[in-house]
Amino acid sequence: MGEIIVVTSGKGGVGKTTTTANIGTALASEGLRIILIDTDIGLRNLDVVMGLENRIVYDIVDVTNGNCRLKQALIKDKRFENLYLLPAAQTKDKSAVSPEEMEDLCRELKEDYDYIIIDCPAGIEQGFYNAIAGADQAIVVTTPEVSAVRDADRIIGLLESSDLRNPKLIINRFRPRMVRQGDMMDIEDIVDILAVDLLGVVQEDDRIIVSTNRGEPAVMNLISPAGEAYRRIARRIRGEEVPLMNLEESYGIMNRLRRFMGLC
Amino acid sequence: MLTDAGEELIMLLEYINRVLGKAASSSRIHARERLRLVLVHDRAKMSPYFMNQLKEDLNNVIARYMVIDFDKFEIVLDQSDKVVELKTSVPIKKIRRDYMDRIKRSS
């Protein structure tokens, strides 16, 4: 029986889609059977981040409307044959899928896959409730800014009142140098305020933009610090105890070089 | 649009300012405090249930000492610039003569 994880944030632009793509790819690289579902109907993006936009024939609304079978809408990843994407519809709106339809869909997928990872739309409207309807657990993504953390707090409240207890937090776009200078909230500031478990910290990394440009998730890049952070997050999701990355060192040129040459 | 060199220069100037004590204290502290304050409001506003629960709990404590007019018992979160305060107005009907005994018994 698989596990259904919804990736959410409240605020837009904090990295939900990037997080979904990278965690999914990292888990698939360990041989697990993975499905990624884009529920941002009308504003689909997970296909582009995964580099699969040219392969879409059917989408999630075609499945729920009965225009095609679920298996027909699943798009196989370029890199891993055990990784699939169920894309969002681009032409419909967010009410095109109901919470009950999502639950049915999740139940069906659970039989054949180890993890089903759902990319939630921004906001707290119906699209949010649809995305979380079938989930077993939730990941909340935030960045170290007042606005993003505030929205994360709101989302945590809504998740808990929808019976998704103990959501796990990912702090994205973390910049150790700014923290050192006293100009960015530190990890413990955010974890204290939100009072949730930390799943991981992903530092700001220019390679994320490069990887999105290419449609190749950063976890495929062995010298990307963000990629390494996502690989660790994936291992934690599987229940492994993995220490946080040393955020200071990961910025050093020598360390990147060493990692590149496989020395650490 | 600033060039990279331009940005580096500005960062250097900011650093010098900070060292000389001219710049305001670190923005991390500002962010943390503003966030703390805004969440006190968000969380309190999110549930009227919480305010009612607090009111009943307070009443249970106060009742050991005095009898109050529960219908006129008011409790609000009040925001000024820097702090959020819990303000209450508790009209008293009577003070209990035997409150010493009650406290001893309950403790």
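Which strands of chain A does helix H5 lie across? In this predicted model, helix H5 (residues 99-110) of chain A sits across three strands: S1 (3-8), S2 (34-38) and S5 (115-119). Its direction is at about 150° to that of S5(A). Another helix, H11 (residues 225-237) of chain A, also packs on the sheet, where H11 touches strand S7 (168-174) and S8 of chain A. The angle between H11(A) and S8(A) comes out at about 160°.

As for the sheet itself, chain A puts eight strands into an open arrangement, and reading across gives S3-S4-S2-S5-S1-S6-S7-S8. The pairing is mixed. Strand S3 (75-76) and strand S8 (197-203) of chain A each have a single partner strand, so these two stand at the edges with one side lacking a neighbour in the sheet. At the S3 end, S3(A) pairs with strand S4 (residues 83-86) of chain A in the antiparallel sense, over two bridges. Within that pairing, A:Lys76 is found opposite A:Tyr84 of S4(A).

Then there is the contact with the other chain. Here 13 residues of chain A meet twelve residues of chain B. On the chain A side, helix H7 (146-161) and helix H9 (187-194) each supply at least two of the residues that touch chain B. The most comes from H7(A), which gives six residues. Sorted by character, the chain A side that touches chain B holds six charged, five nonpolar and two polar residues.

Conventions
Residues are numbered from 1 along each chain as its sequence is written. Chains are lettered from A and ligands numbered from 1 in the order in which they are written. This is a predicted model: local features need pLDDT of at least 70, side-chain atom pairs count only at pLDDT 80 or more; totals for chains, interfaces and linings use all residues. Two strands pair if DSSP finds at least two bridges between them. Helices (H or I, at least four residues) and strands (E, at least two) are DSSP runs, numbered from the N terminus. Two residues are in contact if their C-beta atoms, placed from the backbone, lie within 7 Å. Axes are lines fitted to C-alpha atoms, for helices over the stretch in contact, and angles run from 0 to 180 degrees between N-to-C directions. Ala, Val, Leu, Ile, Met, Phe, Trp, Tyr, Cys and Pro count as nonpolar, Asp, Glu, Lys and Arg as charged, and the others, Gly among them, as polar.
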